[in-house]
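Q: Please take a close look at one part of this structure, a glycine in a loop. Where does it lie, and what surrounds it? Then widen the view to the rest.

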2 protein chains.
Amino acid sequence: MTERQSQPVSSPSSPQRRRGKNGDGDKRHDAIYRAISDAIIEHRLKPGARLREDALSDVFGVSRTGIRKILQRLALEQIVTLTPRRGASVTRPTADEAKDVFDARQMIECGLMEAVARRITAADIDELRDMAKRERDALRVGEQSTAIKLSAAFHERLAQLSGNATLADFVARLCSRSSLILAVYGSSGHLGCESHDHDELVRHLEAGDGERAKTFMSRHLKTIESSLSIVEEEDQTPDLYRIFAE
Amino acid sequence: MTERQSQPVSSPSSPQRRRGKNGDGDKRHDAIYRAISDAIIEHRLKPGARLREDALSDVFGVSRTGIRKILQRLALEQIVTLTPRRGASVTRPTADEAKDVFDARQMIECGLMEAVARRITAADIDELRDMAKRERDALRVGEQSTAIKLSAAFHERLAQLSGNATLADFVARLCSRSSLILAVYGSSGHLGCESHDHDELVRHLEAGDGERAKTFMSRHLKTIESSLSIVEEEDQTPDLYRIFAE
DNA sequence: GTCAACGAAAGCGTATACAATGGGGTCAGA
DNA sequence: TCTGACCCCATTGTATACGCTTTCGTTGAC
(Lines give C-alpha, C1' and ligand atoms only; values in the text may rest on other atoms or scores of the structure.)
Protein backbone atom coordinates (compact mmCIF):
# COMPACT_ATOMS: atom_id res chain seq x y z
CA MET A 1 0.00 0.00 0.00
CA THR A 2 2.73 2.43 0.87
CA GLU A 3 5.06 1.32 -1.86
CA ARG A 4 5.54 3.76 -4.64
CA GLN A 5 4.71 2.17 -7.91
CA SER A 6 5.07 5.32 -9.94
CA GLN A 7 8.61 6.49 -10.07
CA PRO A 8 8.58 9.74 -8.17
CA VAL A 9 9.46 12.70 -10.29
CA SER A 10 11.60 14.02 -7.45
CA SER A 11 13.28 16.99 -9.00
CA PRO A 12 16.70 15.60 -9.89
CA SER A 13 18.38 18.86 -9.06
CA SER A 14 17.90 18.41 -5.32
CA PRO A 15 20.79 16.52 -3.75
CA GLN A 16 19.54 14.04 -1.18
CA ARG A 17 20.32 15.94 1.94
CA ARG A 18 18.06 13.67 3.95
CA ARG A 19 19.40 10.23 4.59
CA GLY A 20 16.92 9.13 1.98
CA LYS A 21 14.70 6.88 4.03
CA ASN A 22 11.57 8.85 3.76
CA GLY A 23 9.76 6.23 1.77
CA ASP A 24 9.37 3.65 4.52
CA GLY A 25 6.73 5.47 6.44
CA ASP A 26 6.14 4.01 9.87
CA LYS A 27 7.05 0.46 8.99
CA ARG A 28 10.44 1.35 10.28
CA HIS A 29 9.09 2.58 13.57
CA ASP A 30 7.16 -0.57 14.10
CA ALA A 31 10.24 -2.64 13.43
CA ILE A 32 12.23 -0.64 15.95
CA TYR A 33 9.43 -0.90 18.45
CA ARG A 34 9.39 -4.64 18.12
CA ALA A 35 13.17 -4.85 18.26
CA ILE A 36 13.27 -3.04 21.59
CA SER A 37 10.22 -4.80 22.92
CA ASP A 38 11.63 -8.21 22.01
CA ALA A 39 14.97 -7.39 23.54
CA ILE A 40 13.22 -6.58 26.79
CA ILE A 41 10.92 -9.55 26.76
CA GLU A 42 13.79 -11.88 25.97
CA HIS A 43 15.78 -10.47 28.87
CA ARG A 44 18.54 -9.21 26.62
CA LEU A 45 17.73 -5.87 28.17
CA LYS A 46 17.36 -6.34 31.90
CA PRO A 47 15.11 -4.39 34.25
CA GLY A 48 16.78 -1.19 35.27
CA ALA A 49 18.76 -0.87 32.05
CA ARG A 50 18.84 2.69 30.84
CA LEU A 51 17.65 3.46 27.35
CA ARG A 52 19.24 6.67 26.19
CA GLU A 53 17.56 8.37 23.31
CA ASP A 54 20.78 9.36 21.61
CA ALA A 55 22.16 5.85 21.72
CA LEU A 56 18.97 4.34 20.35
CA SER A 57 18.72 6.90 17.59
CA ASP A 58 22.30 6.10 16.63
CA VAL A 59 21.69 2.38 16.65
CA PHE A 60 18.55 2.44 14.58
CA GLY A 61 19.40 5.37 12.35
CA VAL A 62 16.36 7.46 13.07
CA SER A 63 16.29 10.71 14.91
CA ARG A 64 15.38 11.13 18.52
CA THR A 65 11.87 12.15 17.56
CA GLY A 66 11.00 8.67 16.41
CA ILE A 67 12.76 7.07 19.33
CA ARG A 68 10.79 9.17 21.76
CA LYS A 69 7.55 8.09 20.17
CA ILE A 70 8.50 4.45 20.55
CA LEU A 71 9.66 4.95 24.10
CA GLN A 72 6.37 6.56 25.01
CA ARG A 73 4.49 3.65 23.59
CA LEU A 74 6.60 1.22 25.58
CA ALA A 75 6.03 3.35 28.65
CA LEU A 76 2.28 3.17 28.23
CA GLU A 77 2.57 -0.59 28.08
CA GLN A 78 4.52 -0.36 31.31
CA ILE A 79 7.54 -2.28 30.16
CA VAL A 80 9.58 0.91 30.12
CA THR A 81 9.62 3.54 32.83
CA LEU A 82 9.92 7.18 31.84
CA THR A 83 11.40 9.25 34.65
CA PRO A 84 10.75 12.93 33.99
CA ARG A 85 14.24 14.27 33.57
CA ARG A 86 16.16 11.06 33.73
CA GLY A 87 15.05 9.38 30.58
CA ALA A 88 13.83 5.87 29.95
CA SER A 89 14.78 2.59 31.55
CA VAL A 90 13.45 -0.93 31.50
CA THR A 91 10.76 -1.20 34.15
CA ARG A 92 11.63 -2.99 37.35
CA PRO A 93 8.29 -4.31 38.59
CA THR A 94 7.53 -4.08 42.26
CA ALA A 95 6.22 -7.01 44.23
CA ASP A 96 2.79 -5.43 44.34
CA GLU A 97 2.74 -5.05 40.60
CA ALA A 98 3.79 -8.64 40.19
CA LYS A 99 0.89 -9.79 42.32
CA ASP A 100 -1.54 -7.60 40.40
CA VAL A 101 -0.33 -8.89 37.08
CA PHE A 102 -0.70 -12.52 38.04
CA ASP A 103 -4.08 -11.95 39.62
CA ALA A 104 -5.17 -10.25 36.42
CA ARG A 105 -3.89 -13.15 34.35
CA GLN A 106 -5.80 -15.56 36.56
CA MET A 107 -8.99 -13.67 35.97
CA ILE A 108 -8.66 -12.98 32.27
CA GLU A 109 -6.83 -15.98 30.88
CA CYS A 110 -8.90 -18.44 32.86
CA GLY A 111 -12.07 -16.62 31.96
CA LEU A 112 -11.16 -16.86 28.31
CA MET A 113 -10.64 -20.61 28.23
CA GLU A 114 -14.28 -21.44 27.79
CA ALA A 115 -14.64 -19.28 24.70
CA VAL A 116 -11.38 -20.62 23.33
CA ALA A 117 -12.48 -24.22 23.75
CA ARG A 118 -15.70 -23.40 21.96
CA ARG A 119 -14.13 -21.64 19.01
CA ILE A 120 -10.85 -23.43 18.47
CA THR A 121 -10.28 -25.18 15.13
CA ALA A 122 -8.01 -28.02 14.11
CA ALA A 123 -5.63 -25.59 12.42
CA ASP A 124 -5.42 -23.56 15.60
CA ILE A 125 -4.57 -26.67 17.56
CA ASP A 126 -1.81 -27.52 15.12
CA GLU A 127 -0.44 -24.03 15.42
CA LEU A 128 -0.45 -24.13 19.19
CA ARG A 129 1.21 -27.54 19.22
CA ASP A 130 3.87 -26.23 16.89
CA MET A 131 4.50 -23.26 19.15
CA ALA A 132 4.75 -25.49 22.18
CA LYS A 133 7.16 -27.74 20.34
CA ARG A 134 9.37 -24.89 19.24
CA GLU A 135 9.38 -23.64 22.79
CA ARG A 136 10.49 -27.04 24.05
CA ASP A 137 13.17 -27.23 21.39
CA ALA A 138 14.50 -23.81 22.25
CA LEU A 139 14.66 -24.80 25.90
CA ARG A 140 16.48 -28.02 25.09
CA VAL A 141 19.07 -26.23 22.97
CA GLY A 142 19.52 -23.71 25.73
CA GLU A 143 18.14 -20.67 23.97
CA GLN A 144 16.38 -19.19 26.94
CA SER A 145 15.59 -15.92 25.18
CA THR A 146 13.72 -17.64 22.40
CA ALA A 147 11.90 -19.89 24.84
CA ILE A 148 10.72 -16.97 26.90
CA LYS A 149 9.39 -15.16 23.89
CA LEU A 150 7.67 -18.26 22.54
CA SER A 151 6.06 -18.91 25.87
CA ALA A 152 4.58 -15.43 25.93
CA ALA A 153 3.54 -15.81 22.31
CA PHE A 154 1.72 -19.02 23.19
CA HIS A 155 -0.37 -17.32 25.83
CA GLU A 156 -1.03 -14.39 23.55
CA ARG A 157 -2.14 -16.56 20.67
CA LEU A 158 -4.38 -18.50 22.99
CA ALA A 159 -6.09 -15.32 24.07
CA GLN A 160 -6.55 -14.24 20.47
CA LEU A 161 -8.41 -17.44 19.75
CA SER A 162 -11.12 -16.32 22.15
CA GLY A 163 -12.24 -13.89 19.47
CA ASN A 164 -12.17 -10.95 21.86
CA ALA A 165 -9.49 -8.62 20.53
CA THR A 166 -9.70 -6.30 23.51
CA LEU A 167 -9.08 -8.99 26.07
CA ALA A 168 -6.40 -10.52 23.86
CA ASP A 169 -4.65 -7.19 23.88
CA PHE A 170 -4.84 -7.07 27.67
CA VAL A 171 -3.34 -10.53 27.85
CA ALA A 172 -0.51 -9.49 25.55
CA ARG A 173 0.30 -6.63 27.89
CA LEU A 174 0.19 -8.89 30.90
CA CYS A 175 2.51 -11.38 29.23
CA SER A 176 5.06 -8.70 28.46
CA ARG A 177 4.99 -7.55 32.04
CA SER A 178 5.17 -11.11 33.26
CA SER A 179 8.39 -11.52 31.37
CA LEU A 180 9.80 -8.58 33.27
CA ILE A 181 8.58 -10.03 36.51
CA LEU A 182 10.30 -13.30 35.75
CA ALA A 183 13.49 -11.41 35.02
CA VAL A 184 13.41 -9.77 38.43
CA TYR A 185 11.89 -12.36 40.72
CA GLY A 186 12.36 -15.63 38.87
CA SER A 187 14.97 -18.09 39.91
CA SER A 188 17.34 -18.58 37.05
CA GLY A 189 16.70 -22.29 36.97
CA HIS A 190 13.36 -22.45 35.20
CA LEU A 191 11.67 -19.64 33.41
CA GLY A 192 8.03 -19.74 34.13
CA CYS A 193 5.98 -21.99 31.94
CA GLU A 194 6.78 -25.63 31.73
CA SER A 195 6.25 -26.48 28.13
CA HIS A 196 4.59 -29.76 29.02
CA ASP A 197 1.91 -27.68 30.64
CA HIS A 198 1.24 -26.03 27.34
CA ASP A 199 0.90 -29.37 25.63
CA GLU A 200 -1.56 -30.62 28.19
CA LEU A 201 -3.54 -27.41 27.88
CA VAL A 202 -3.83 -27.91 24.16
CA ARG A 203 -5.03 -31.43 24.78
CA HIS A 204 -7.89 -30.22 26.94
CA LEU A 205 -8.83 -27.63 24.36
CA GLU A 206 -8.75 -30.21 21.63
CA ALA A 207 -11.20 -32.27 23.65
CA GLY A 208 -13.42 -29.21 23.83
CA ASP A 209 -13.29 -29.31 27.60
CA GLY A 210 -13.27 -25.64 28.46
CA GLU A 211 -13.92 -26.28 32.12
CA ARG A 212 -10.86 -28.45 32.51
CA ALA A 213 -8.74 -26.10 30.42
CA LYS A 214 -9.78 -23.32 32.75
CA THR A 215 -8.80 -25.11 35.92
CA PHE A 216 -5.59 -26.26 34.31
CA MET A 217 -4.71 -22.75 33.22
CA SER A 218 -5.38 -21.58 36.76
CA ARG A 219 -3.01 -24.16 38.18
CA HIS A 220 -0.48 -23.39 35.47
CA LEU A 221 -0.41 -19.72 36.38
CA LYS A 222 -0.32 -20.50 40.07
CA THR A 223 2.68 -22.73 39.47
CA ILE A 224 4.52 -19.96 37.70
CA GLU A 225 3.67 -17.42 40.35
CA SER A 226 4.67 -19.64 43.22
CA SER A 227 7.97 -20.38 41.54
CA LEU A 228 8.88 -16.74 41.95
CA SER A 229 10.81 -15.59 44.93
CA ILE A 230 9.02 -12.36 45.52
CA VAL A 231 11.12 -10.71 48.13
CA GLU A 232 11.90 -7.09 47.69
CA GLU A 233 15.62 -7.61 47.83
CA GLU A 234 16.78 -4.39 49.36
CA ASP A 235 20.28 -5.71 49.88
CA GLN A 236 22.93 -4.37 47.62
CA THR A 237 22.30 -0.85 46.42
CA PRO A 238 19.49 -0.43 48.89
CA ASP A 239 17.22 1.13 46.28
CA LEU A 240 16.26 4.02 48.48
CA TYR A 241 14.16 5.20 45.58
CA ARG A 242 11.53 2.60 46.20
CA ILE A 243 11.64 3.09 49.92
CA PHE A 244 11.09 6.80 50.03
CA ALA A 245 10.08 8.19 46.67
CA GLU A 246 7.62 6.57 44.31
CA MET B 1 -8.52 24.41 33.97
CA THR B 2 -6.88 25.47 30.81
CA GLU B 3 -6.34 29.02 31.87
CA ARG B 4 -2.85 29.99 32.82
CA GLN B 5 -3.23 31.70 36.14
CA SER B 6 0.34 32.09 37.34
CA GLN B 7 2.37 34.30 35.14
CA PRO B 8 5.62 32.40 34.78
CA VAL B 9 8.56 34.04 36.44
CA SER B 10 10.49 33.84 33.23
CA SER B 11 13.88 35.30 34.02
CA PRO B 12 13.42 39.01 33.38
CA SER B 13 16.68 39.40 31.54
CA SER B 14 15.79 37.00 28.78
CA PRO B 15 13.37 38.40 26.28
CA GLN B 16 10.57 35.88 26.12
CA ARG B 17 11.23 34.40 22.76
CA ARG B 18 9.50 31.27 23.91
CA ARG B 19 5.98 31.72 24.95
CA GLY B 20 7.28 31.48 28.48
CA LYS B 21 5.68 28.28 29.64
CA ASN B 22 8.75 26.35 30.46
CA GLY B 23 8.13 26.15 34.16
CA ASP B 24 5.16 23.83 34.11
CA GLY B 25 6.95 20.72 33.02
CA ASP B 26 4.57 18.07 31.85
CA LYS B 27 1.77 19.11 34.14
CA ARG B 28 0.53 21.07 31.21
CA HIS B 29 0.53 18.07 28.95
CA ASP B 30 -1.45 16.09 31.42
CA ALA B 31 -4.00 18.86 31.68
CA ILE B 32 -4.36 18.99 27.91
CA TYR B 33 -4.62 15.23 27.77
CA ARG B 34 -7.41 15.26 30.28
CA ALA B 35 -9.14 18.17 28.56
CA ILE B 36 -9.30 16.29 25.27
CA SER B 37 -10.09 13.00 26.92
CA ASP B 38 -12.92 14.54 28.93
CA ALA B 39 -14.32 16.27 25.88
CA ILE B 40 -14.48 12.93 24.11
CA ILE B 41 -15.91 11.01 27.04
CA GLU B 42 -18.53 13.68 27.62
CA HIS B 43 -19.54 13.54 23.97
CA ARG B 44 -18.60 17.13 23.36
CA LEU B 45 -16.35 15.68 20.70
CA LYS B 46 -18.32 13.10 18.79
CA PRO B 47 -16.97 9.96 17.13
CA GLY B 48 -15.57 10.76 13.74
CA ALA B 49 -14.63 14.32 14.68
CA ARG B 50 -11.29 15.26 13.23
CA LEU B 51 -8.56 16.47 15.56
CA ARG B 52 -6.13 18.55 13.58
CA GLU B 53 -2.77 19.05 15.18
CA ASP B 54 -2.45 22.67 14.17
CA ALA B 55 -5.83 23.56 15.59
CA LEU B 56 -5.14 21.83 18.88
CA SER B 57 -1.72 23.41 19.21
CA ASP B 58 -3.32 26.81 18.65
CA VAL B 59 -6.06 26.16 21.18
CA PHE B 60 -3.80 24.93 23.96
CA GLY B 61 -0.79 27.08 23.20
CA VAL B 62 1.75 24.32 22.90
CA SER B 63 3.49 23.27 19.77
CA ARG B 64 2.50 20.36 17.59
CA THR B 65 5.15 18.21 19.23
CA GLY B 66 3.31 18.10 22.49
CA ILE B 67 -0.04 17.64 20.78
CA ARG B 68 1.29 14.68 18.83
CA LYS B 69 2.46 13.06 22.04
CA ILE B 70 -0.98 13.43 23.58
CA LEU B 71 -2.70 12.20 20.45
CA GLN B 72 -0.53 9.11 20.43
CA ARG B 73 -1.44 8.39 23.99
CA LEU B 74 -5.12 8.72 23.20
CA ALA B 75 -4.65 6.49 20.20
CA LEU B 76 -3.07 3.79 22.32
CA GLU B 77 -6.10 3.95 24.56
CA GLN B 78 -8.19 3.54 21.46
CA ILE B 79 -10.38 6.55 21.98
CA VAL B 80 -8.65 8.31 19.10
CA THR B 81 -7.85 6.78 15.73
CA LEU B 82 -4.63 7.77 14.00
CA THR B 83 -4.88 7.31 10.25
CA PRO B 84 -1.39 7.37 8.73
CA ARG B 85 -1.51 10.47 6.58
CA ARG B 86 -4.90 11.73 7.54
CA GLY B 87 -4.34 12.71 11.09
CA ALA B 88 -6.34 11.98 14.20
CA SER B 89 -10.06 11.61 14.72
CA VAL B 90 -12.29 10.46 17.54
CA THR B 91 -12.66 6.70 17.27
CA ARG B 92 -15.92 5.36 15.92
CA PRO B 93 -16.18 1.91 17.49
CA THR B 94 -17.41 -0.92 15.34
CA ALA B 95 -20.14 -3.29 16.46
CA ASP B 96 -17.55 -6.00 17.02
CA GLU B 97 -15.50 -3.73 19.21
CA ALA B 98 -18.58 -2.80 21.18
CA LYS B 99 -19.33 -6.42 21.87
CA ASP B 100 -15.73 -7.09 22.87
CA VAL B 101 -15.70 -4.16 25.24
CA PHE B 102 -18.86 -5.18 27.02
CA ASP B 103 -17.80 -8.80 27.21
CA ALA B 104 -14.54 -7.64 28.74
CA ARG B 105 -16.38 -5.49 31.23
CA GLN B 106 -18.56 -8.43 32.18
CA MET B 107 -15.52 -10.52 32.90
CA ILE B 108 -13.39 -7.97 34.68
CA GLU B 109 -15.83 -5.81 36.57
CA CYS B 110 -17.89 -8.75 37.77
CA GLY B 111 -14.76 -10.64 38.69
CA LEU B 112 -13.62 -7.69 40.76
CA MET B 113 -16.75 -7.38 42.86
CA GLU B 114 -15.75 -10.00 45.34
CA ALA B 115 -12.46 -8.32 46.17
CA VAL B 116 -14.20 -4.96 46.36
CA ALA B 117 -16.79 -6.25 48.80
CA ARG B 118 -14.02 -7.66 50.93
CA ARG B 119 -11.89 -4.54 51.03
CA ILE B 120 -14.38 -1.69 50.95
CA THR B 121 -14.45 0.72 53.88
CA ALA B 122 -17.12 3.01 55.21
CA ALA B 123 -15.36 6.02 53.72
CA ASP B 124 -15.33 4.33 50.33
CA ILE B 125 -19.03 3.68 50.57
CA ASP B 126 -19.68 7.30 51.39
CA GLU B 127 -17.61 8.37 48.43
CA LEU B 128 -19.44 6.04 46.06
CA ARG B 129 -22.79 7.19 47.36
CA ASP B 130 -21.73 10.77 46.80
CA MET B 131 -20.69 10.02 43.26
CA ALA B 132 -23.96 8.25 42.56
CA LYS B 133 -25.86 11.18 44.01
CA ARG B 134 -23.98 13.72 41.94
CA GLU B 135 -24.65 11.62 38.89
CA ARG B 136 -28.35 11.56 39.64
CA ASP B 137 -28.36 15.30 40.22
CA ALA B 138 -26.59 15.96 36.97
CA LEU B 139 -29.10 13.81 35.15
CA ARG B 140 -31.99 15.60 36.80
CA VAL B 141 -30.66 19.01 35.82
CA GLY B 142 -30.11 17.77 32.33
CA GLU B 143 -26.33 17.92 32.25
CA GLN B 144 -25.82 14.80 30.25
CA SER B 145 -22.09 15.40 29.76
CA THR B 146 -21.44 15.55 33.47
CA ALA B 147 -23.61 12.53 34.11
CA ILE B 148 -21.77 10.45 31.55
CA LYS B 149 -18.41 11.31 33.03
CA LEU B 150 -19.57 10.66 36.56
CA SER B 151 -20.97 7.33 35.57
CA ALA B 152 -17.66 6.27 34.09
CA ALA B 153 -15.88 7.64 37.13
CA PHE B 154 -18.09 5.53 39.38
CA HIS B 155 -17.13 2.33 37.64
CA GLU B 156 -13.48 3.32 37.59
CA ARG B 157 -13.44 4.11 41.28
CA LEU B 158 -15.15 0.85 42.03
CA ALA B 159 -12.45 -1.03 40.18
CA GLN B 160 -9.76 0.86 42.05
CA LEU B 161 -11.21 -0.32 45.32
CA SER B 162 -10.35 -3.87 44.37
CA GLY B 163 -6.74 -3.04 45.12
CA ASN B 164 -5.55 -4.31 41.76
CA ALA B 165 -4.15 -1.31 39.94
CA THR B 166 -3.61 -3.18 36.72
CA LEU B 167 -7.17 -4.36 36.43
CA ALA B 168 -8.42 -0.97 37.53
CA ASP B 169 -6.50 0.54 34.67
CA PHE B 170 -8.09 -1.89 32.27
CA VAL B 171 -11.51 -0.97 33.56
CA ALA B 172 -10.75 2.70 33.07
CA ARG B 173 -9.88 2.04 29.45
CA LEU B 174 -13.02 0.03 28.96
CA CYS B 175 -15.14 2.78 30.48
CA SER B 176 -13.69 5.37 28.14
CA ARG B 177 -14.40 3.18 25.17
CA SER B 178 -17.87 2.44 26.50
CA SER B 179 -18.60 6.12 26.46
CA LEU B 180 -17.71 6.20 22.78
CA ILE B 181 -19.89 3.18 22.16
CA LEU B 182 -22.80 4.88 23.85
CA ALA B 183 -22.24 7.92 21.68
CA VAL B 184 -22.49 5.85 18.53
CA TYR B 185 -25.00 3.15 19.36
CA GLY B 186 -26.89 4.53 22.32
CA SER B 187 -30.39 5.85 21.93
CA SER B 188 -30.39 9.44 23.00
CA GLY B 189 -33.08 8.80 25.61
CA HIS B 190 -31.02 7.26 28.35
CA LEU B 191 -27.28 7.13 28.60
CA GLY B 192 -26.23 3.78 29.87
CA CYS B 193 -26.18 3.42 33.60
CA GLU B 194 -29.29 4.03 35.59
CA SER B 195 -28.08 5.77 38.67
CA HIS B 196 -30.44 3.77 40.86
CA ASP B 197 -28.48 0.75 39.79
CA HIS B 198 -25.37 2.31 41.22
CA ASP B 199 -27.09 2.95 44.50
CA GLU B 200 -28.28 -0.59 44.78
CA LEU B 201 -24.81 -1.85 43.95
CA VAL B 202 -23.36 0.18 46.78
CA ARG B 203 -25.96 -1.28 49.08
CA HIS B 204 -24.85 -4.80 48.30
CA LEU B 205 -21.25 -3.88 48.79
CA GLU B 206 -22.06 -2.25 52.10
CA ALA B 207 -23.63 -5.50 53.18
CA GLY B 208 -20.41 -7.24 52.23
CA ASP B 209 -22.28 -9.44 49.82
CA GLY B 210 -19.78 -9.82 47.01
CA GLU B 211 -21.74 -12.58 45.35
CA ARG B 212 -24.85 -10.50 45.02
CA ALA B 213 -22.88 -7.45 43.93
CA LYS B 214 -21.33 -9.57 41.23
CA THR B 215 -24.62 -10.80 39.82
CA PHE B 216 -26.06 -7.34 40.06
CA MET B 217 -23.14 -5.83 38.20
CA SER B 218 -23.59 -8.46 35.54
CA ARG B 219 -27.22 -7.57 35.10
CA HIS B 220 -26.36 -3.89 35.21
CA LEU B 221 -23.91 -4.24 32.33
CA LYS B 222 -26.27 -6.44 30.39
CA THR B 223 -28.96 -3.79 30.75
CA ILE B 224 -26.68 -1.15 29.34
CA GLU B 225 -25.56 -3.32 26.47
CA SER B 226 -29.04 -4.40 25.51
CA SER B 227 -30.16 -0.78 25.51
CA LEU B 228 -27.82 -0.17 22.61
CA SER B 229 -29.06 -0.41 19.07
CA ILE B 230 -26.04 -2.00 17.54
CA VAL B 231 -26.67 -1.78 13.85
CA GLU B 232 -23.82 -0.73 11.63
CA GLU B 233 -25.60 2.23 10.15
CA GLU B 234 -23.85 2.71 6.86
CA ASP B 235 -26.22 5.45 5.81
CA GLN B 236 -24.88 8.94 5.72
CA THR B 237 -21.20 9.21 4.91
CA PRO B 238 -21.00 5.53 4.02
CA ASP B 239 -17.64 5.04 5.76
CA LEU B 240 -16.08 3.36 2.80
CA TYR B 241 -12.91 3.04 4.79
CA ARG B 242 -14.32 0.31 6.93
CA ILE B 243 -15.88 -1.43 4.00
CA PHE B 244 -12.86 -1.74 1.80
CA ALA B 245 -9.63 -0.84 3.49
CA GLU B 246 -8.73 -1.64 7.06
C1' DG C 1 -22.19 19.17 -19.67
C1' DT C 2 -19.19 16.02 -17.65
C1' DC C 3 -14.98 13.91 -16.64
C1' DA C 4 -10.20 13.92 -16.08
C1' DA C 5 -5.88 15.89 -15.17
C1' DC C 6 -2.93 19.21 -13.28
C1' DG C 7 -1.76 22.54 -9.76
C1' DA C 8 -1.89 24.63 -5.42
C1' DA C 9 -2.67 24.44 -0.63
C1' DA C 10 -3.09 22.19 3.63
C1' DG C 11 -1.67 19.06 6.93
C1' DC C 12 1.27 15.24 8.60
C1' DG C 13 6.07 13.01 9.27
C1' DT C 14 10.71 13.72 10.52
C1' DA C 15 14.86 15.98 11.70
C1' DT C 16 17.41 19.36 13.91
C1' DA C 17 18.36 23.17 16.87
C1' DC C 18 18.19 25.28 21.29
C1' DA C 19 17.28 25.71 26.13
C1' DA C 20 16.97 23.94 30.79
C1' DT C 21 17.63 20.74 34.34
C1' DG C 22 19.95 17.37 36.94
C1' DG C 23 24.11 14.78 37.95
C1' DG C 24 28.80 14.05 38.50
C1' DG C 25 33.30 15.62 39.12
C1' DT C 26 36.51 18.61 41.08
C1' DC C 27 38.29 21.90 44.18
C1' DA C 28 38.51 24.05 48.53
C1' DG C 29 37.94 24.30 53.41
C1' DA C 30 37.58 22.25 57.87
C1' DT D 1 40.43 12.73 54.78
C1' DC D 2 35.85 13.90 54.48
C1' DT D 3 32.26 16.97 53.41
C1' DG D 4 30.15 20.59 50.95
C1' DA D 5 29.55 23.68 47.22
C1' DC D 6 30.03 25.06 42.57
C1' DC D 7 30.56 24.41 37.73
C1' DC D 8 30.43 21.85 33.49
C1' DC D 9 28.61 18.32 30.75
C1' DA D 10 25.35 14.96 29.50
C1' DT D 11 20.71 14.23 28.39
C1' DT D 12 16.03 15.29 28.01
C1' DG D 13 12.03 18.69 26.75
C1' DT D 14 10.19 21.63 23.36
C1' DA D 15 9.76 24.23 19.25
C1' DT D 16 10.37 25.08 14.62
C1' DA D 17 11.62 24.25 9.95
C1' DC D 18 11.27 21.52 5.84
C1' DG D 19 9.73 17.85 2.74
C1' DC D 20 6.21 14.81 1.21
C1' DT D 21 1.72 13.12 0.55
C1' DT D 22 -2.93 13.84 -0.07
C1' DT D 23 -6.82 16.35 -1.27
C1' DC D 24 -9.58 19.79 -3.24
C1' DG D 25 -10.39 23.19 -6.76
C1' DT D 26 -10.00 24.76 -11.32
C1' DT D 27 -9.44 24.44 -16.07
C1' DG D 28 -9.48 22.28 -20.39
C1' DA D 29 -10.91 18.90 -23.61
C1' DC D 30 -14.11 15.64 -25.44
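A: G163(B) sits in the loop that runs between α6 (144–160) and α7 (165–185) of chain B. The model is a predicted one. Is G163(B) buried or exposed? Its relative accessible area is 35%. Buried would require under 20%, and exposed over 50%. G163(B) is therefore classed as partly exposed.

Now its contacts. Leaving out residues up to four places away in sequence, G163(B) touches D100(A) and R119(B). One of these partners, D100(A), carries the label of chain A. The other, R119(B), is 44 residues from G163(B) in sequence. In space, the two are 8.0 Å apart, C-alpha to C-alpha.

How are the two chains related? A turn of 180 degrees, with a shift of 0.0 Å along the axis, lays chain A on chain B with an RMSD of 0.0 Å. The two copies are thus related as by a two-fold rotation axis. Both copies use the same surface: 100% of the contact residues of chain A recur in chain B.

Next, the second largest pocket. Its volume is about 1100 Å³. Elements that give two or more residues to its lining are α4 (95–119) and α9 (210–226) of chain A, along with α4 (95–119) and α9 (210–226) of chain B. The most comes from α4(B), which gives 13 residues. In total, 40 residues line this pocket. Nearest its centre lie M107(A), G111(A), L112(A), Q106(B) and M107(B). By character, the lining residues divide into 18 charged, twelve polar and ten nonpolar.

Chain B also has a short story to tell at helix α2, residues 53–60. The buried residues of this helix are E53(B), L56(B), S57(B) and F60(B). Why do they share a side of α2(B)? They cover an arc of only 100 degrees around the axis, which puts them on the same side. The general rule for such helices is 3.6 residues a turn, so residues three or four places apart point the same way. The buried residues of α2(B) pack against α1 (27–41), β1 (50–51) and α3 (64–76) of chain B. On the face turned away from the buried side, α2(B) carries the exposed residues D58(B) and V59(B). After α2(B) comes G61(B), with a positive phi near 75 degrees.

Over in chain A, a loop residue offers a second case. H43(A) lies between α1 (27–41) and β1 (50–51) of chain A, in the loop. With a relative accessible area of 18%, H43(A) is buried. Which residues does H43(A) contact, leaving aside neighbours within four places in sequence? They are I148(A), S179(A), L182(A) and A183(A).

Last, chain A as a whole. It has ten helices and three strands. Along the sequence, they follow the pattern α-β-α-α-β-β-α-α-α-α-α-α-α. Of the 246 residues in chain A, 44% are buried. Take the contacts in chain A between residues at least 6 apart in sequence: 74% of them join residues at least 24 apart.

Definitions and conventions. Residues numbered from 1 in each chain as written. Chains lettered and ligands numbered in written order. Predicted model: local features only at pLDDT ≥ 70, side-chain atom pairs only at ≥ 80, totals over all residues. Heavy atoms only, no water. 1 Å grid on protein atoms, 1.4 Å probe; cavity = no way out; pocket = protein on both sides within 12 Å on 5 of 7 lines; lining within 4 Å. Points joined across faces, edges and corners; volume = space filled by probe spheres on them. Helix = DSSP H or I, 4+ residues; strand = E, 2+ residues; numbered from the N terminus. Nonpolar A, V, L, I, M, F, W, Y, C, P; charged D, E, K, R; others polar. Least-squares fit on C-alpha atoms with pLDDT ≥ 70 in both. Contact = heavy atoms within 4.5 Å. Buried < 20%, exposed > 50% of the residue type's maximum accessible area, 1.4 Å probe, protein only. Arc of directions from axis to C-beta.
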